[in-house]
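User: I'm new to this structure and would love a close look at one part of it. Could you walk me through a sheet and then show me a little of what lies elsewhere in the chain?

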Amino acid sequence: MPLKRVLILFLVILTDAASLFAIEKFYFIIRVDDIQSRTTWEPRRITDFQEAVESRGGKISWAVIPHRIIEPQNSDGQLTRDLKQSVARGHEIVLHGYNHICPTCGQSSHEMYCSSTATHHSYETQAELIRQGMDILWDSLQVIPRSFVPPGHQADTTTYRVLLDYNIKLISTAGPTLDMIYDSLFNLAPHGEYTWTLSESDYHLKLQSALWDIESKRQSQGYYCLLLHDPFIRQGYENGRVIAWTAELLDSLITRYGRGLAFVTLSEAAEIFNPSHVNATFANRLVPKVPVLYPNYPNPFNPVTTLSYTIPQDGHVTLTVFNLSGKPIARLMDRYQSAGTYFTRWDGTSADGYTVSSGVYFCVLSQMDHTVSRKIILLK
């Protein structure tokens, strides 16, 4: 066989092998609550933790209690300067209530809904808390938050209505995740917190527990939101123990997942996972000349996965799931669409007259004379 044909065949084999071992992205979020916490630990800076995360390619979503910025503990403006610098470096400010104090019972464990007295605050009360919090963030940091963390994870439908009215469309709270929690308000729930009063005796046990939990959520949800709290991420807590623990965790994740690991903020994750909004990354790409079907996430999945695709021109589009026998079992799209990027989801718990079981399926995108497919794996 001529050398040229051998080289071509070798390149074809390499291309096929690369497609077989394509890396699926796993999105990792670091959320730190109660920024501007009333702590006496010194030094007060948050930059030690930030630098440890940054040096490993990570990003941080700082859940800021706005009123704490204007309290005496920040009279010198140090933490304001730290947060401004953090935003400039690609990290995110998340609105975390107003002052973290319930207007009904005066406790600091909740604010938007009084869990102590089961009192629902009025729309006007909650709207004023959100407005004041956003005003402080703008006046102090020139930031308009895109995400919200309810203090104590206590919120009700009135809270959700207020957030949407203030154009905040992402919440990170307990409850169903990767879905709308109310109307067009998308929820990305946090996962484990392992560093609350982290001690030397449970350091390694919590590290292993976190790694196990992260792998579990990677398989089932395609993302992980690590939760921490401000007082413990300071260098002053146990000589930076939480900083060292987080750095060791991130090093382990980078070793384990390599290029498949992607660090994102809460808002960036919402752009990726929320099927009702065009992914900013995809939207900024050059429009392709042929239809493109992007890798679904998560993959493998159980039972729901999100699929995204771009079509270069207006026309009739079909998006169909087939089993290994070539039988169509779910029609996800079958209509005329304008050129652009779209998102849809497939729930593998059922299909059109077909019992869905664990296994390999194929999702096929067709427009005009062009067809493209992706292998998707359902693990129940």
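Which residue is the bridge partner of Val 317 in E17?

Analyst: Happy to help! Please keep in mind that this is a predicted model. The partner you are asking about is Gln 367: in E17, that residue forms the bridge with Val 317.

Let's look at the strands behind that pair. Strand E14 covers residues 315–322 and strand E17 covers residues 359–367, and the two pair in the antiparallel sense over six bridges. E14 also pairs with E15: the two run antiparallel and are joined by eight bridges. Val 317 takes part here too, with Arg 335 as its bridge partner in E15. Val 317 therefore has a bridge partner in E17, Gln 367, and another in E15, Arg 335.

Now for the sheet as a whole. It is an open sheet of four strands, in the order E15-E14-E17-E18, and its pairing is antiparallel. The edges are formed by E15 (328–337) and E18 (370–378); each has a single partner strand, so one side of each has no neighbour in the sheet. On average, neighbouring strands here are turned by 15° against each other, direction ignored. As a general point, side chains in a regular strand alternate between the two faces of the sheet.

The link between E14 and E15 is worth a look as well. These strands form a hairpin with five residues between them, and in that hairpin Gly 326 takes a positive phi near 85°.

Elsewhere in the chain, two helices pack together. Helix H7 (residues 203–221) meets helix H9 (residues 241–257) at an angle of about 40°, with the axes 11 Å apart. That angle makes H7 oblique to H9. The crossing of the two is right-handed. Among the residues making the contact are Leu 207, Leu 211 and Ile 214 of H7, and Trp 245, Leu 249 and Leu 253 of H9. Sorted by class, the contact has ten nonpolar, two polar and six charged residues.

Finally, let's visit Asp 48, which sits in helix H2 (residues 47–54). Asp 48 counts as buried because its relative accessibility is 18%, and the cut-off for buried is under 20%. Leaving aside neighbours within four places in sequence, Asp 48 is in contact with Gln 235 and Ile 243. The C-alpha atoms of Asp 48 and Arg 234 are separated by 7.2 Å, although these residues are 186 residues apart along the chain.

Key: Residues are numbered from 1 along each chain as its sequence is written. This is a predicted model: local features need pLDDT of at least 70, side-chain atom pairs count only at pLDDT 80 or more; totals for chains, interfaces and linings use all residues. Side-chain values use heavy atoms; hydrogens and water are left out. Axes are lines fitted to C-alpha atoms, for helices over the stretch in contact, and angles run from 0 to 180 degrees between N-to-C directions. Angles under 35 degrees count as roughly parallel, over 145 as roughly antiparallel, 65 to 115 as roughly perpendicular and the rest as oblique. A crossing is left-handed if the near helix is turned anticlockwise from the far one by less than a right angle, and right-handed if clockwise. Contact means heavy atoms within 4.5 Å. Ala, Val, Leu, Ile, Met, Phe, Trp, Tyr, Cys and Pro count as nonpolar, Asp, Glu, Lys and Arg as charged, and the others, Gly among them, as polar. Two strands pair if DSSP finds at least two bridges between them. Buried means under 20% relative accessible area, exposed over 50%, partly exposed in between (1.4 Å probe, protein chains only).
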